[in-house]
Amino acid sequence: MAKASKKKTKERRDGRRAALFYMKPDIIEAVKVAAAASDQKAWQWVEQAVIKALKVKKS
C-alpha cells in the first residue's frame, strides 16, 4: 500500500507556516481596518491577537 505523500513546502526563515481560516466578511473587514489603524499588515494584527488570546486562556 502506497503512503500518502505530504505536499513539500518551502520553509520560511522565521519558522512560520501557512494556515487557512474562514471568517465572516464583516470580521475580515474589521481586522483590515484595525490593522491599518495600527500600521500593521492584517496577518501581523491577527497573529498578535491570537497570541494575546492564548496567553489569557493559559493563565
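These legends walk through several close-up views of one predicted model.

**View 1. The whole chain, with two helices and zero strands.**
Welcome to the overview, a good place to get your bearings. The chain has 59 residues, and 3% of them count as buried. Its accessible surface comes to about 6,400 Å², and carbon and sulfur atoms account for 59% of that area. The two helices are H1, spanning residues 25-37, and H2, spanning 42-58.

**View 2. Helix H1, residues 25-37.**
Here we follow one helix from end to end. H1 holds 13 residues, and the distance from its first C-alpha to its last is 18 Å. That reach is close to the 18 Å expected at 1.5 Å a residue. Past this helix comes Asp-39, a residue with a positive phi, and the next view turns to that residue.

**View 3. Asp-39 in the loop between H1 and H2.**
What is the phi of Asp-39? The angle is near 55°, a positive value in a residue other than glycine. As background, most residues other than glycine have a negative phi. Is Asp-39 buried or exposed? Asp-39 counts as exposed because its relative accessibility is 73%, with the cut-off for exposed set at over 50%.

**View 4. The largest pocket, with a volume of about 880 Å³.**
Let's look at what surrounds this space. The lining has 23 residues, and those closest to the pocket centre are Arg-17, Ala-18, Ala-19, Phe-21 and Trp-43. Two or more lining residues come from each of H1 and H2. Which element gives the most to the lining? That is H2, with seven residues. Sorted by class, the lining has 14 nonpolar residues, two polar residues and seven charged residues.

**View 5. Asp-14 and its salt bridges with Arg-12 and Arg-16.**
A search of the whole structure finds three salt bridges, and this view takes in the ones made by Asp-14. With Arg-12, the closest N and O atoms are 2.8 Å apart. With Arg-16, the N to O distance is also given as 2.8 Å. Asp-14 is partly exposed, because its relative accessible area is 38%, between the 20% and 50% cut-offs. In general, side chains of opposite charge can pair when their charged atoms come close.

**View 6. Glu-47 and Arg-16, joined by a salt bridge.**
The N to O distance in this salt bridge is 2.6 Å. The pair links distant parts of the chain, with Glu-47 in helix H2 and Arg-16 in the segment before H1, 31 residues apart. Both partners sit between the cut-offs for buried and exposed: Arg-16 has a relative accessible area of 31% and is partly exposed, while Glu-47 counts as partly exposed at 28%.

**View 7. The salt-bridge network of Arg-12, Asp-14, Arg-16 and Glu-47.**
This last view brings the charged residues of the previous two together. Salt bridges link Arg-12, Asp-14, Arg-16 and Glu-47 in a network. Along it, Asp-14 pairs with Arg-12, Asp-14 also meets Arg-16, and Arg-16 meets Glu-47.

Notes: Residues numbered from 1 in each chain as written. Predicted model: local features only at pLDDT ≥ 70, side-chain atom pairs only at ≥ 80, totals over all residues. Heavy atoms only, no water. Helix = DSSP H or I, 4+ residues; strand = E, 2+ residues; numbered from the N terminus. Buried < 20%, exposed > 50% of the residue type's maximum accessible area, 1.4 Å probe, protein only. Areas by Shrake-Rupley, 256 points an atom, 1.4 Å probe, with all protein chains shown as cover. Expected span 1.5 Å × (residues − 1). 1 Å grid on protein atoms, 1.4 Å probe; cavity = no way out; pocket = protein on both sides within 12 Å on 5 of 7 lines; lining within 4 Å. Points joined across faces, edges and corners; volume = space filled by probe spheres on them. Nonpolar A, V, L, I, M, F, W, Y, C, P; charged D, E, K, R; others polar. Salt bridge = Lys/Arg side-chain N within 4 Å of Asp/Glu carboxyl O.
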